Amino acid sequence: MAKRVNCRTKGNGYERAIVNELKDLGYNVATSRNESRSMDAQKVDIVSLGEKKLPFHVQCKSYTGAVKYWEI
């Protein structure tokens, strides 16, 4: 029997992994669901905090197959 994937858990884990990678690069970032309800409502997943900010907003998607960019 195939194991069911919880998409929400998978997505949240992927966001945390990206946050950790960005922190390793020196950026002060956090997931928007922890920091800003407004940004979370705008579908932004990672927000910049403090002085070293990202020049863009981040929305994370975790895919196992080919990405269909025209559908995103």
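These are my notes on the core, the largest pocket and the cysteines of a predicted model.

**Ground rules.** I worked on a predicted model, in which local features need pLDDT of at least 70 and side-chain atom pairs count only at pLDDT 80 or more, while totals for chains, interfaces and linings use all residues. I number residues from 1 along each chain as its sequence is written, and side-chain values use heavy atoms, with hydrogens and water left out.

**Core.** I looked up the largest nonpolar core (buried Ala, Val, Leu, Ile, Met, Phe, Trp, Tyr and Cys residues joined through side-chain atoms within 4.5 Å; buried means under 20% relative accessible area, exposed over 50%, partly exposed in between, with a 1.4 Å probe and protein chains only), and found 8 residues: Ile18, Val19, Leu22, Val29, Ile46, Leu54, Val58 and Cys60. Helix H1, residues 7–24, gives the most to this core, with 3 residues; helices are DSSP runs of H or I, at least four residues, numbered from the N terminus.

**Cysteines.** I then checked for disulfides (pairs of cysteine sulfur atoms within 2.5 Å) and found 0 in the structure. Cysteine 7 is in none, the nearest cysteine sulfur, that of cysteine 60, being 15 Å away. I noted that cysteine 7 is exposed, with a relative accessible area of 62%, whereas cysteine 60 is buried, at 11%.

**Valine 29.** Leaving aside neighbours within four places in sequence, I found valine 29 in contact (heavy atoms within 4.5 Å) with Val19, Leu22, Lys23, Ile46, Val47, Ser48, Leu49 and Leu54.

How values were computed
Helix = DSSP H or I, 4+ residues; strand = E, 2+ residues; numbered from the N terminus.
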